[in-house]
Amino acid sequence: MCDRSLNQVIDFAESDKNYVSFKFCKLRNISFAKKLIQQETITELSGAKIGDKLNSMTCGKRGPVLLQDTILLEELRQFDVERIPERVVHAKGGGAFGTFIMTHQQITNYTKAAMFSHVGKETPVFIRFSTVAGELGSADTVRDVRGFAIKFYTDDGIWDLVGNNCPTGPVKDPIRFPSAMRSRKRNPRTHLPDRNAFWDFASLLPETVHQLMFLFSERGIPDGFRHMHGFSINTFKLVNAKNDVVYTRFFFRTNQGIKNIEPPVAQRLAAENRDYSIRDLYNAIENGEYPSWTCYVQIMTFEEAKNWYYNPFDATKVWPHKEFPLVEVGQLILNRNPVNYFAEVEQSAFNPANIPYGIEPSPDMELHGRLFSYVDTQRYRLGAHAPKLPVNRPNFRTVTPTIRDGKGVFDDNFDGFPNYYPNSYSNAKTDKHFVDPAYRVTNTPDVDRYDTTDEDNFDQPKIFWETVLNDKERKNMIQAIANHMKEAQLFIQRRAVAMLSGVHEDLGNGVWEQLRQLNTTRCT
């Protein structure tokens with residue numbers, strides 16, 4: 001059976017007039033699970049049965065097509081609208097389903113979230129990995145930050161933990177984020193990658209340097225999705241059963257070990273195997289090599305946050321492990337591939353505002369921007385009912401009678417349930433058990449637009465350069481930055497090198513020397 005062509009398999013299936021059970025073997029490098037094929041009559045969307053779906057209705061054998069051919073019209077209309085807008089960032093990606101298993105009890109001291117109630121507790125998950133700047137169809141092996149977005153289907157609803165494989169974000173303030181991403185996209189005039197824009201923006205905002213150090217290190221080109229860590233980047237609050245509160249960041253350490261791709265190999269793969277990371281993840285799961293990550297949290301008390309020498313809510317900073325040790329929580333395992341890529345990966349929608357009881361946003365500015373932006377863009381891509389799509393909804397019925405109507409209603413729309421609250425005609429009510437605990441924000445009127453661009457941006461990148469990287473990795477970083485920066489204009493190169501010198505003089509001098517060698521006519 002495994003040696004049959006696809007058409008032979010289909011012919012075999014259609015030869016039985018009732019039901020035929022058979023196992024698809026590897027066809028076009030895709031392994032299918034056991035299927036039960038039923039011979040059915042193809043229909044139009046209305047349910048009308050179709051007698052011929054291969055030939056249009058014409059006036060005579062060589063005559064024009066007739067507008068009354070509803071089968072043809074329906075086929076063309078559907079084809080015209082099959083594509084939805086791609087994500088503004090994180091457009092290219094892959095994903096899989098699995099399970100989170102709580103393995104350590106200590107986190108229950110910090111949160112009353114149901115998924116952390118006891119050791120052995122299992123929570124279904126879906127993860128979407130992605131590149132950030134590339135469009136659909138772009139190569140998986142480019143130097144870029146990778147998205148690491150986790151959807152937990154908890155007993156208290158969806159928890160969308162949106163992170164990256166880089167421990168820091170590019171900017172502190174969400175008002176700068178759109179420009180940060182635009183500077184990494186195509187030039188609006190030429191529609192070509194724009195190194196001027198990339199280094200112009202970065203050198204004007206030195207807060208970007210910490211992420212740039214990671215991006216141009218070895219980990220800027222991970223070997224697929226399985227061999228990279230995941231970081232929440234943002235800071236959250238954990239609330240326990242006594243309503244005691246601490247701050248936290250989440251960390252997922254790959255159990256496969258960190259593995260990266262050398263730039264020459266990455267360039268070859270970009271030409272020969274553009275979907276390298278998606279294929280690697282899919283094949284690993286199909287072959288039973290289930291990737292996994294160990295989940296940790298870092299804990300910071302309110303008092304520690306108040307006295308820490310950095311702003312603990314700054315997404316461009318990390319919390320040092322020596323000061324805030326990793327507390328092990330559980331294991332995250334991926335063991336099921338999507339059945340349909342469009343339905344389950346492309347239509348997956350992540351919203352950082354989806355946070356279960358026991359976890360809350362912190363004063364993290366970048367997180368606050370995400371709370372609005374993510375769901376807004378997903379409703380643009382997928383419609384008003386994106387949260388109700390199977391991949392995005394909880395594993396239980398939600399009660400949202402005031403959130404209904406709009407384009408694309410595909411459920412009962414709460415029947416005749418009153419669409420206002422409170423009302424006298426239903427027994428739906430709130431539960432005071434889930435009221436958010438109160439907390440003090442400020443005693444003084446201090447609302448303003450504060451300048452955060454002049455805060456220290458170089459201490460942690462300097463630590464990264466001096467203590468995390470070895471000599472070979474420093475040399476490779478210098479080469480990678482120079483190769484990327486060589487297309488930028490000279491005045492931008494000078495400013496960017498000055499910024500890198502703020503991290504370490506050897507870094508700035510090294511990049512400048514490499515630029516001179518790559519383009520001696522400009523760097524003089």
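Axes here are lines fitted to C-alpha atoms, for helices over the stretch in contact, and angles run from 0 to 180 degrees between N-to-C directions. The model on screen is a predicted one.

**Stop 1: α4 and α12**

Select helix α4, residues 195-204, together with helix α12, residues 471-485. The axes of α4 and α12 cross at roughly 120° and come within 9 Å. Angles over 145 degrees count as roughly antiparallel and 65 to 115 as roughly perpendicular, and α4 and α12 are therefore oblique to each other. Now show side chains. From α4, Arg195, Phe198 and Trp199 meet Ile481, His484 and Met485 of α12. Sorted by class, the residues of this contact of α4 with α12 are four nonpolar, one polar and one charged.

**Stop 2: α12 and α14**

Keep α12 selected and add helix α14, residues 505-518. The axes of α12 and α14 are 9 Å apart, and the two helices pack at an angle of about 50°. That angle makes α12 oblique to α14. The crossing in which α12 passes α14 is right-handed.

To see the contact, display Met477, Ile478, Gln479, Ile481, Ala482, Asn483 and Met485 on the α12 side. On the α14 side, display Asp506, Leu507, Gly510, Val511, Gln514, Leu515 and Leu518. The contact of α12 with α14 consists of nine nonpolar, four polar and one charged residues. Ile481 and Met485 of α12 take part here, and both also appear in the contact with α4.

**Stop 3: α13 and α14**

Leave α14 in view and select helix α13, residues 490-503. How far apart are the axes of α13 and α14, and at what angle do they pack? The axes are 5 Å apart and the angle is about 150°. This makes α13 roughly antiparallel to α14.

The α13 residues in the contact are Leu490, Gln493, Arg494, Val497, Leu500, Ser501 and Val503. They meet Glu505, Leu507, Gly508, Asn509, Val511, Trp512 and Leu515 of α14. Eight nonpolar, four polar and two charged residues make up the contact of α13 with α14. Leu507, Val511 and Leu515 of α14 are in this contact and also in the one with α12.

**Stop 4: α6 and α7**

Move to helix α6, residues 263-272. Colour Ala266, Leu269 and Ala270, which are buried. These three cover an arc of only 105° around the axis, which puts them on the same side of α6. Turn to the other side of α6 for Pro264, Gln267, Ala271 and Glu272, which are exposed. The buried residues of α6 pack against α7, residues 276-286.

Select α7 next. Which residues of α7 are buried? They are Tyr276, Ser277, Asp280, Leu281, Ala284 and Ile285. Viewed down the axis of α7, the buried residues fall within an arc of 155°, so they line one face of the helix. The elements they pack against are α6 and the strands β3 (93-102), β4 (122-131) and β11 (327-336). Just after α7, pick Gly288, where phi is positive at about 80°.

**Stop 5: Phe350**

Go to the loop between α9 (341-346) and β12 (359-361), and select Phe350. Is Phe350 buried or exposed? Its relative accessibility is 5%, so Phe350 counts as buried. Leaving aside neighbours within four places in sequence, Phe350 is in contact with Phe126, Arg128, Ala149, Ile150, Lys151, Asp160, Val162, Tyr374 and Gln378. Of these, pick Asp160: the C-alpha atoms of Phe350 and Asp160 are 5.7 Å apart in space, while the two are 190 residues apart in sequence.

**Stop 6: Ile71**

Select Ile71 in helix α2, residues 70-80. Ile71 has 22% relative accessibility and so counts as partly exposed. Not counting residues up to four places away in sequence, Ile71 touches Glu44, Ile50 and Asp52. A distance drawn from the C-alpha of Ile71 to that of Asn55, 16 residues apart along the chain, should read 9.6 Å.

**Stop 7: two loop residues with positive phi**

In the loop between α2 and β3, select His90. Phi of His90 is positive, near 65°, and the residue is not a glycine. With a relative accessible area of 14%, His90 is buried.

Finish in the loop between α10 (365-382) and α11 (459-468), at Asn413. Asn413, also not a glycine, has a positive phi of about 55°. Its relative accessible area is 16%, so Asn413 is buried.

Methods:
Residues are numbered from 1 along each chain as its sequence is written. This is a predicted model: local features need pLDDT of at least 70, side-chain atom pairs count only at pLDDT 80 or more; totals for chains, interfaces and linings use all residues. Side-chain values use heavy atoms; hydrogens and water are left out. Buried means under 20% relative accessible area, exposed over 50%, partly exposed in between (1.4 Å probe, protein chains only). Helices (H or I, at least four residues) and strands (E, at least two) are DSSP runs, numbered from the N terminus. The arc is that of the directions from the helix axis to the C-beta atoms. Contact means heavy atoms within 4.5 Å. Angles under 35 degrees count as roughly parallel, over 145 as roughly antiparallel, 65 to 115 as roughly perpendicular and the rest as oblique. A crossing is left-handed if the near helix is turned anticlockwise from the far one by less than a right angle, and right-handed if clockwise. Ala, Val, Leu, Ile, Met, Phe, Trp, Tyr, Cys and Pro count as nonpolar, Asp, Glu, Lys and Arg as charged, and the others, Gly among them, as polar.
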